[in-house]
Amino acid sequence: MKAVSIYSYGGPDVLVYEDAPQPQAGVGEVLVRVHAAGINPVDWKIREGHLKDMIKHTLPLVLGWDVSGVVEAIGPGVTRLKVGDEVFSRPDIARNGAYAEYIVIRENEVALKPKNLDHVRSAALPLAGLTAWQTLFDAGGLTTGQRVLIHGAAGGVGHLAVQLAKWKGAQIIGTASDKNHDFLRELGVDQVVAYQTVRFEEVVQPVDVVLDTMGGEIQLRSWKVLKRGGILVSIVAPPSPEIAAAYGARAAFVFTQPHAAQLAELAQLVETEKIKVIVETILPLADAARGQQQGERGHTRGKIVLRVI
Ligand SMILES: NC(=O)c1ccc[n+]([C@@H]2O[C@H](COP(=O)([O-])OP(=O)(O)OC[C@H]3O[C@@H](n4cnc5c(N)ncnc54)[C@H](OP(=O)(O)O)[C@@H]3O)[C@@H](O)[C@H]2O)c1
C-alpha cells in the first residue's frame with residue numbers, strides 16, 4: 001500500500017511517500033480502507049520529535065491520527081463492526097497512523113461515521129471533535145448558561161468547540177483575526193475578540209471556562225478573565241496549580257483519548273445538523289508534506305484533510 005512515513009525526526013522533508021507493508025487486523029482490531037486522513041498539529045509535533053519522551057514510537061512510523069474509511073476486514077473477537085461499515089476514528093497515537101491506504105485500529109476506537117458527511121469531512125472530525133468534547137464537557141464541566149472563552153476559535157479544535165458550546169447552551173467568547181470574525185458569528189460566537197488589536201482580558205467579562213489552545217502568555221493572561229471557581233483547560237501546556245489557586249480557580253490539562261461512544265455522539269450531532277465540519281483545504285495523500293507546512297503556519301480555518309481515494 002502507499003503510505004507517508006518518517007524514518008527520522010525533522011522538518012517536512014523527512015516525510016516519505018512510499019510503498020509500505022499492508023497491516024493485518026489482530027484480535028479486537030479492524031482493518032480500515034482509508035478514504036481520507038485529517039492533518040493535525042500533533043502530526044508535525046511528532047514528526048519533529050517533540051513528543052518522543054512521552055510516546056515511545058518505533059520508526060519508521062506512519063503519521064496521521066484522524067481517519068474516515070470503510071472496514072475491509074475484522075480480526076478475531078470483533079463483534080460491533082462488520083466488513084463494509086463506513087467508519088471514522090481517532091486511533092491510538094502510539095501506533096501507526098492514517099496517512100496510508102490502510103490502517104489497523106482497535107474496535108473500541110472506531111464509530112460509524114456521520115451518514116450525511118463525506119469521508120473527507122468525516123476525517124476532519126474525530127481528533128478535534130473529541131478534543132473539544134473532552135475539554136469543554138469532561139474536564140471543564142461546561143453547562144447551560146455558563147460563559148466560555150475559546151482561544152483560536154476558528155481553528156480545528158476551536159470551530160468545533162464553539163458549536164459544541166452553543167449546542168450546550170453556553171455563552172461564547174472567541175478570539176480570532178479579523179478575517180474570521182464573520183465566520184465565528186455564523187458558527188454562534190456571541191462576542192468575537194480581535195486578538196491582534198485587542199487585549200482580550202480588557203474586554204471580556206468573567207467566564208466560567210477558558211479553553212486554552214495557545215499556551216504561553218495567552219494562558220497566563222487568561223487567569224484574569226476567570227470567575228472564582230472557574231476552570232482553565234489547556235491542550236497545549238499544563239497550567240500551574242499554584243497560579244490557579246492564587247486566582248481561586250481550577251486548572252486542567254487534557255491529552256485527548258480515543259473514545260468510540262463520544263465519536264458516536266459527535267456523529268449524531270452532525271446528522272441532526274447541530275454541528276458542521278469546516279475543511280479549508282483538501283490535498284492528495286502524496287502532498288502530506290505540503291499540508292503539514294500549511295498547517296504549521298497556524299492560521300487554518302477549520303481543517304486540512306488528505307484525500308486518499
Ligand atoms: N492536548 C491535546 O490532546 C490536543 C488536541 C488537539 C490539539 N492540541 C493542540 O492545540 C493547538 C490547537 O490545535 P488546532 O488543531 O485547533 O490548531 P489549528 O487548527 O492549527 O489552529 C489554527 C487557528 O489558531 C488561530 N490562532 C493563531 N494564533 C492565534 C492567537 N494568537 N490567538 C487566537 N487564535 C490564534 C488561527 O486563527 P487566525 O487565523 O484567525 O489567527 C487559526 O484559526 C495545537 O497546539 C495542537 O497541538 C492538543
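Start by selecting helix α4, where 10 of the 13 residues are buried, so the helix is largely enclosed by the rest of the structure. Keep in mind as you look around that this is a predicted model.

Now color the buried residues of α4: G156, V157, G158, H159, L160, A161, V162, Q163, L164 and A165. What do the buried residues of α4 pack against? Show α3, β9 (147–150), β10 (171–176), α5 (181–187), β12 (207–212) and β16 (303–307), and you have their partners.

Next, try a check on α4, which covers residues 156–168. At 1.5 Å a residue, its 13 residues should span 18 Å, and the end C-alpha atoms are 19 Å apart, which agrees. Step just past the helix to G169, which follows α4 and has a positive phi, near 90°.

From here, move to one of the packing partners of α4, helix α3. Select α3 (residues 126–139) together with α9 (residues 260–271). How do these helices pack? Their axes are 10 Å apart, at an angle of about 100°. Angles of 65 to 115 degrees count as roughly perpendicular, and α3 and α9 are therefore roughly perpendicular to each other. To see where they touch, pick P126, G129, L130 and W133 in α3, which meet Q262, L263 and L266 in α9. By class, this contact has five nonpolar, two polar and no charged residues.

Finish at the ligand, which has 30 residues around it. P41, G155, G156, S177 and H299 come nearest. In the shell, α1 (41–47), α3, α4 and β10 each supply at least two residues. Sorted by class, the shell has 12 nonpolar, 16 polar and two charged residues.

How values were computed
Residues are numbered from 1 along each chain as its sequence is written. This is a predicted model: local features need pLDDT of at least 70, side-chain atom pairs count only at pLDDT 80 or more; totals for chains, interfaces and linings use all residues. Axes are lines fitted to C-alpha atoms, for helices over the stretch in contact, and angles run from 0 to 180 degrees between N-to-C directions. Helices (H or I, at least four residues) and strands (E, at least two) are DSSP runs, numbered from the N terminus. Angles under 35 degrees count as roughly parallel, over 145 as roughly antiparallel, 65 to 115 as roughly perpendicular and the rest as oblique. Two residues are in contact if their C-beta atoms, placed from the backbone, lie within 7 Å. Ala, Val, Leu, Ile, Met, Phe, Trp, Tyr, Cys and Pro count as nonpolar, Asp, Glu, Lys and Arg as charged, and the others, Gly among them, as polar. The expected span of a helix is 1.5 Å times one less than its number of residues. A residue is buried if 20 or more other C-beta atoms lie within 10 Å of its own, exposed if 12 or fewer, and partly exposed in between; C-beta atoms are placed from the backbone. A residue is near a molecule or strand if its C-beta atom, placed from the backbone, lies within 6 Å of it.
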